[in-house]
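User: Hi, I'm new to this one. Could you bring it up so we can talk it through?
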Amino acid sequence: MHRLRTTVVRLRPITAPQTAKSQSEPRLAAVRGALRTFQPMRSYTASVSAEPFLNGTSSNYVEEMYYAWLENPRSVHKSWDIFFRNANAGAPPGAAYQSPPPLGGAALGLANAQAMVGLQPNVEKLVEDHLAVQSLVRAYQIRGHHVAQLDPLGIMAAIDPGPPPSDIITSNDKLEFYGLDESDLDKVFRLPTTTFIGGSESTLPLREIIQRLEMAYCQSIGVEFMFINDLEQCQWIRQKFERPGIMQFTLEEKRTLLARMVRSTRFEEFLQRKWSSEKRFGLEGCESLIPALKTIIDKSSMNGVESIIMGMPHRGRLNVLANVIRKELDQIFCQFDSKLEAADEGSGDVKYHLGMWHRRINRVTDRNITLSLMANPSHLEAVDPVVQGKTKAEQFYCGDTEGNRVMSILLHGDAAFAGQGVVYETFHLSDLPSYTTHGTIHVVVNNQIGFTTDPRVARSSSYPTDVAKVVNAPIFHVNADDPEAVVYVCNVAAEWRATFHKDVVVDLVCYRRNGHNEMDEPMFTQPLMYKQIKKQKGVLQKYAEKLIAEGAVTRQEYEEEIAKYDKICEEAHARSKDEKILHIKHWLDSPWPGFFNMDGQPKSMTSPSTGLTEEELGHIGHIASSVPVEDFTIHGGLSRILKGRAAMVGQRVCDWALGEYMAFGSLLKEGTHIRLSGQDVERGTFSHRHHVLHDQNVDKRICIPMNHIAPNQAPYTVCNSSLSEYGVLGFELGFAMASPNALVLWEAQFGDFHNTAQCIIDQFICPGQAKWVRQNGIVLLLPHGMEGMGPEHSSARPERFLQMCNEDPDAYPKFSAEEFAVRQLYDCNWIIVNCSTPANYFHVLRRQILQPFRKPLIVFTPKSLLRHPDAKSSFDDMLPGTHFQRLIPDSGPVCEKPDGVKRIVFCTGKVYYELTRERKNRGMDNTVAIARIEQLSPFPFDQVKVETGRYPNADLVWCQEEHKNQGYYDYVKPRLRTTVDRTRPVWYAGRGPAAAPATGNKAAHLVELQRFLDTAFNLDAFTGQS
Ligand SMILES: Cc1ncc(C[n+]2csc(CCOP(=O)(O)OP(=O)(O)O)c2C)c(N)n1
Ligand SMILES: [Mg+2]
């Protein structure tokens, strides 16, 4: 097509090129001026376009035929040849088309057609011109945003479009690109169906066409949407931006907008006046963010949305809290008082990270709306997936399957939006069945700078928003100094989400009036930009002057509005001085009504029994080993697995997968929703789980037996995720935030992959409660174990999780024996376990929900133990009265003569099975005791004390399969020493220190294993050492 078009251009008579005008000229004004000097001279009725088949979507095809025919009339079908000849010859409307010549009659038809050729030679030009106009319309739709006036500073640092595209008519000489010239400007053209610029007109003069295209695509709004693959969506956007007269605002709307601009602007000015040397990451330069968000909220509320969950970075956060979420101003102002004492335990957080939850009446719609802004760390964009997860959960709990009642808004900085990979990961969750929130509205505060870095060195794409194209989200760039344009695109964005339930981006092109924060000097690095910014009149002033000039408000009314808001701020400031104590819990973003008592404390401090009756175990075991729907053909291999499960149930034993089934099944039956998410979790990476059965004969027919446990059970969600850790773990964390009454688990494919989600672990999971007084019961399942698989796929890096526990290794906790376990749990920042039996895994999962508070749970899960014949549990260990064992003592021959025991080896996880095998082989069952620490954190000091006391003549060894600088040694050693009052040394048996977690050589792996087992059972190994 492209080739044909250039050929056609070559065939056209060449008009003399006009002198190129300087590009620095204000382009659009010039072209508009030039175009407007022409008066319509005559009007054509285009005969060719009267052919019905030339309209609509077939026009591209016709265009192609026409170009081909121009090149070589024989290259098209005879009927086309005749049509084009007739049209060229000036056949009257509707008469150019003739049926293909009948066989044998060809000569006659051709003769007729040829008779007409030459009558009106300018018809060829007419067709060409119509095709040109169609291309021109399309050019504006695709590339108009490149010449839109987006940058309030007029320096276009944000956008690097290169020279204006040749097919946009920025000056009259550009008409030549289409084979048109100024004499064509007053000719009338039929508009294609792919444009709405005509309004009720189907034809317009070219001059008007260009002018309307400019109005639609080249003013304060730049629309990027032509990459969207859906015609209906493209048409929807075209009519939103092309229809004449779209940007009409009532007087009332203008005055509301002005009032919102006053609040936004004066809030920052107030803070600046009162605390000029405090960091607040002010919004100056993008004050229209506040009306933008309020418009989105108003419109969404109008469309039925009742709850909006928001995530945003530092910039303008306090302003959003004050003027969008409506946090009490005195609560915000008192955060600036450095003398306030903290009422809550924990670290707390800086004021521009705190979250907020607020239910109020939306003034515009008079409907209830709940707004929450999620607390977040400094780590830009990390909150994105968390917001999505929480939104999904709220939708799930209120049965909002389409996202009509709950939605999310994400705000971004330009540099972070382009630079942070988690943005991409989050976009890729947006349309996945178990992760979609049915459309997010993204708002970018595009101040054309990231700290001290210019866009040209901060990203390789033209716009910071290009990442959104991966999900076909339309992108509305808008000059933030044109508040009406901002409000318009925000309305369209909210309507888009309500109509298509897909993501959309509003790119507020603005500037940053101050440095990165209020202390920062921007002139060091952006001198010219900041010279321009210093000259820049504030947007409020500009808009107020516009409205005053229009007569929409008087100067007095404007000044009164300012005085009114200033007074509100002053009064709140006076009140804020009465605050003596800072309550972080007033900044909670996700309250759990009913879960705690009135003081925010757990309702009890006991954990109920986690055991199940024999009958319940049998029933769930039966579901786990059957296909609970009719006519469903499963894979033969899976039939064998299910038979194996049935046999285990018959023998009253569980392997790992069945233990998990028992925990999940029972919690579901008791009404707890369970959501298990991660890569390949449905089957399980190690093919042990099989929670989703696939019919071998019917495509996509599946069965989830876990949803067939009991009639009134809670639903079970198990979902294979995208190949992301950061995004998906963040999402699940957000899901778990919404309610304490769900067990939300994220499983890493292999434990070591969690490190690509490190930020979620370090910034949210580990310190979340300390920073933001909010609890979270998320469970991380991290397959871990040295099994000769090489440096990767081996270690889930227990050392890192253990290092981040808030427990004092040198102090023995002072709790009573009865409350020891639960108090420890209540005080810890997270729970870390490495279970060696299915029963213990079963109990810890149930405890996670049955305990009266929520803590994150990290589980190092096994790989080879999934099928290890000894790693099975009897139903006896899961009956009522049984519970999670923080430490499993040795119950073998050592118990008979504890005085004769020479060594007690403490260990955790899979190495226990290697140790017991070795002990047996060496005949040392009487001399070496082996104790398993199943709950690593909080450390079971009390139970370890019992064990060390039981064997008074034994030396103490910590044995691990991990390298010495990894695993648990550094964590366990000081705790063991504290337990024995530092009276006995703690020896080490394990791999030596190393840089990599494991060897890639299988033989070396086995040698290392044997070496540390030798150490563990050599009773002289530590003799003489101190
Ligand atoms: C992941 C991450 N890396 C680095 C930083 C340090 N940092 C804080 S703000 C900032 C610049 C952000 O620029 P932009 O996203 O454009 O937002 P703006 O401050 O301009 O509003 C940087 C690099 C951070 N907070 N998070
Ligand atoms: Mg920026």
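User: Which helix gives the most to the lining of the second largest cavity?
Analyst: That's helix 26, with three residues. Helices are DSSP runs of H or I of at least four residues, strands runs of E of at least two, both numbered from the N terminus. A cavity is a set of points on a 1 Å grid over the protein atoms alone where a 1.4 Å probe fits but cannot get out, and lining residues have an atom within 4 Å of a point.
User: Anything I should know about the model itself?
Analyst: It is a predicted model, with pLDDT of at least 70 needed for local features and 80 or more for side-chain atom pairs, while totals for chains, interfaces and linings use all residues. Residues count from 1 along each chain as written, chains are lettered from A and ligands numbered from 1 as written, and side-chain values use heavy atoms, without hydrogens or water.
User: Back to that cavity. Which residues lie nearest its centre?
Analyst: Phe 764, Gly 768, Gln 769, Arg 774 and Asn 776, out of 13 that line the second largest cavity. Helix 24 (726–738), helix 25 (758–765) and helix 26 (768–772) each supply at least two lining residues there, and the volume, the space filled by probe spheres set on the points, is about 90 Å³.
User: How many cavities are there in the whole structure?
Analyst: The search finds four of 30 Å³ or more. The largest has a volume of about 100 Å³. Its lining has 18 residues, and His 784, Asn 834, Thr 908, Gly 909 and Lys 910 are the closest to its centre.
User: Which strand gives the most to that lining?
Analyst: Strand 27 does, with five residues. Strand 27 (955–963) and strand 21 (857–861) each supply at least two.
User: Changing topic: which residues come nearest to ligand 1?
Analyst: His 314, Arg 315, Ser 378, Asp 414 and Ala 415, from 15 around ligand 1 (those with a heavy atom within 4 Å). Helix 14 (residues 414–419) gives the most to this shell, with three residues.
User: What about polar contacts, say with the side chain of His 314?
Analyst: A polar contact is a pair of N or O atoms within 3.5 Å. An N or O atom in the His 314 side chain sits 2.9 Å from an oxygen atom of ligand 1. From the backbone, an N or O atom of Ala 416 is 2.9 Å from an oxygen atom of ligand 1, and one of Leu 380 is 3.2 Å from a nitrogen atom of ligand 1.

Technical notes: On a 1 Å grid over the protein atoms alone, a cavity is a set of points where a 1.4 Å probe fits but cannot get out, and a pocket is an open set with protein on both sides within 12 Å along at least five of seven lines; lining residues have an atom within 4 Å of a point. A polar contact is a pair of N or O atoms within 3.5 Å; within protein, one must be able to donate a hydrogen and the other to accept it, and residues adjacent in sequence count only if both atoms are side-chain atoms.
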